[in-house]
Amino acid sequence: MRKFLTRARSVGRTALDLFPFTPLGVLILGGAAFALFVYGVRHIDLILLIIGLVALALGALTMLVVSVTAAVMYSKLRKRAGEESLRLECGYAARTGFSVSSLWFVPFVKLSWSWVTPDATVTAVPLRRRLYEEITPQRRGLHEEIVRRIEVSDAFGLTRIAFKVREERTVRFAPSMGSLKQMHVVRSIAGGDNLSHPAGPPEGERVDMRHYSPGDPIKFVLWKVFARSRQLVIRTPERAISPVRQTVAYLVAGDRDEPAAGAARVAVESGALGSEWVLGADGNEVYAKTSPQALEVLAKSANTTTEQSGAGLGKFLSSATPGGIARAVVFVPAKPGPWLDRVVTAARTRTAPNQPASPVEFVICADGISNKLPPSRLAKILLQPERDERGAPIPRTELNAVIQALSAARARVLVVDRLAGRVYGEAHQRALEAA
């Protein structure tokens, strides 16, 4: 039934695009026909007779010109050969090489177009009687074709014909780093030296240890480490395998996940993950170990469905960190969703008392933090039906809900504002929760 409705909706949109008259044209031409035949012909009203004839003639002329122009444009554009691959960064405008005639020689005709897929805004730049395409990517992604919706209309707004053309072209939109590229945003999750930083987890010590759990013998507590780092850790038997200094990172895809993807890109390209790292993301079966592979993985994660969001974290932590000896950093959106429960379950499994693994570190990413309450569903429908929430500040209540859920899993939490390029530590988080 769902497939049938989707197909019917697609056919309906195509038929509506090919219908040559706009709602304004139907209203004006219908009124002109009524005035012509009812008052002009029957009642011999010469004024309405002339007005009706002129309006209908104008409508017929514009429909003829627009229809012929649309047919010619379609025959030319559908045979267009694909160009070289397009690799851009979200948020930055760039030319694509696509251009069409401005139709300066055709009277009453206007030409415009937009992208159906991938997600990008289009600006037509006029230059020497041609229109050159300039796009601004809105969401990361990896695509094999471009679908454009070309619209041919008249200057009066009476007629319009739209059609779609496809261009086989590899397109990769990388997530934007925003203001984070100007600072070491993930310096706190970078690999350390032999001795750990007092504010960080006890990684790199010359003895094997793990965090204290209720029920552990008190005689195995390392009080010197507690005096330095204020964290209770206990001595554990030496593992049979050699420790590997490696950081693994994972991106959880979901609603409002563009800031998280941008922060993950910053971590990769700035070297904050260390010399040996592995990056995974929702919607990907393979993991990345180089920067080019990481960009592909991050771009492909944009196609993740709601059912897949956060579902691959548990498998990633068990396969990419054998024995739990690697450091795990997870980048998550600041907006709660179905992914939150799955991620918390994976984090608790890793930090279970019988698991000698290091706890998961979460980086919550947003584009600004707002003090306003999120609008209700009724308000979204009635007051803001077409509002695009991408790039808007996240409500503080939603951010606090994510922080509390992840902190309950005994995980370290870091909040990152991609728009302002700021990092909020534990003290800032407590202030946010108290506000």
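I would like to begin with residues 190–206, where pLDDT, the predictor's confidence in each residue on a scale from 0 to 100, stays under 50 and for which the model has 38 contacts beyond four places in sequence, a contact meaning heavy atoms within 4.5 Å. Likewise, over residues 239–244 pLDDT stays under 50, and there the model has eight contacts beyond four places in sequence. Where pLDDT is low, the predicted coordinates should not be read in detail.

This is a predicted model, in which local features need pLDDT of at least 70 and side-chain atom pairs count only at pLDDT 80 or more, while totals for chains, interfaces and linings use all residues. Residues are numbered from 1 along each chain as its sequence is written, and side-chain values use heavy atoms, with hydrogens and water left out.

For the chain, the mean pLDDT is 82, and 81% of the residues reach 70 or more. The secondary structure comes to eleven helices and 17 strands, where helices (H or I, at least four residues) and strands (E, at least two) are DSSP runs numbered from the N terminus. Among these elements, strand β5 (residues 130–137) has the highest mean pLDDT, at 95, and helix α9 (residues 377–382) has the lowest, at 56.

Of the 435 residues in the chain, 43% are buried; buried means under 20% relative accessible area, exposed means over 50%, and partly exposed is in between, with a 1.4 Å probe and protein chains only. Among contacts with a separation of 6 or more, 73% are between residues 24 or more positions apart.

Let me turn to the interior. Which residues have the most contacts inside the largest nonpolar core? They are Val-330, Val-332, Phe-362, Ile-364 and Leu-406, in a core of 32 residues, a nonpolar core being a set of buried Ala, Val, Leu, Ile, Met, Phe, Trp, Tyr and Cys residues joined through side-chain atoms within 4.5 Å. At least two residues of this core come from each of β10 (247–251), α7, β12 (327–333), α8 (339–350), β13 (360–366), α10 (396–407) and β16 (412–417), and α8 gives the most, with six residues. A second, separate core of 24 residues includes Ala-249, Leu-251, Ala-288 and Val-329. To return to Val-332, if we do not count residues up to four places away in sequence, this residue touches Val-252, Ala-260, Trp-339, Phe-362, Val-363, Ile-364, Cys-365 and Leu-406. In soluble globular proteins, nonpolar side chains tend to be buried together.

Phe-316, in helix α7 (residues 313–320), is buried, with a relative accessible area of 0%. Its C-alpha atom is separated by 9.4 Å from that of Glu-285, which is 31 residues apart along the chain.

Now to the charged pairs. A search of the whole structure finds 19 salt bridges, a salt bridge being a side-chain nitrogen of Lys or Arg within 4 Å of a carboxyl oxygen of Asp or Glu. One of them joins Glu-296 and Arg-87, with the closest N and O atoms 3.2 Å apart, and this pair links distant parts of the chain, since Glu-296 is in helix α6 (residues 291–300) and Arg-87 in strand β1 (residues 86–89), 209 residues apart. Glu-296 is partly exposed at 27% relative accessible area, and Arg-87 is partly exposed at 46%.

In the salt bridge between Asp-257 and Arg-139, the closest N and O atoms are 2.8 Å apart. Asp-257 lies in the loop between β10 and α5 (258–269) and Arg-139 in the loop between β5 and β6 (141–154), so the pair ties together parts that are 118 residues apart in sequence. How accessible are the two partners? Asp-257 counts as buried at 0% relative accessibility, whereas Arg-139 counts as partly exposed at 22%.

A further salt bridge joins Glu-398 and Lys-335, whose closest N and O atoms are 3.3 Å apart. Because Glu-398 lies in helix α10 and Lys-335 in the loop between β12 and α8, the pair ties together parts that are 63 residues apart in sequence. Both Glu-398 and Lys-335 are buried. Elsewhere, salt bridges that share partners join Glu-133, Arg-148, Glu-167 and Arg-169 into one network.

I will finish at the surface, where the chain exposes about 23600 Å², 58% of it supplied by carbon and sulfur atoms, with areas from the Shrake-Rupley method and a 1.4 Å probe, and with only the protein chains shown counting as cover for residues.
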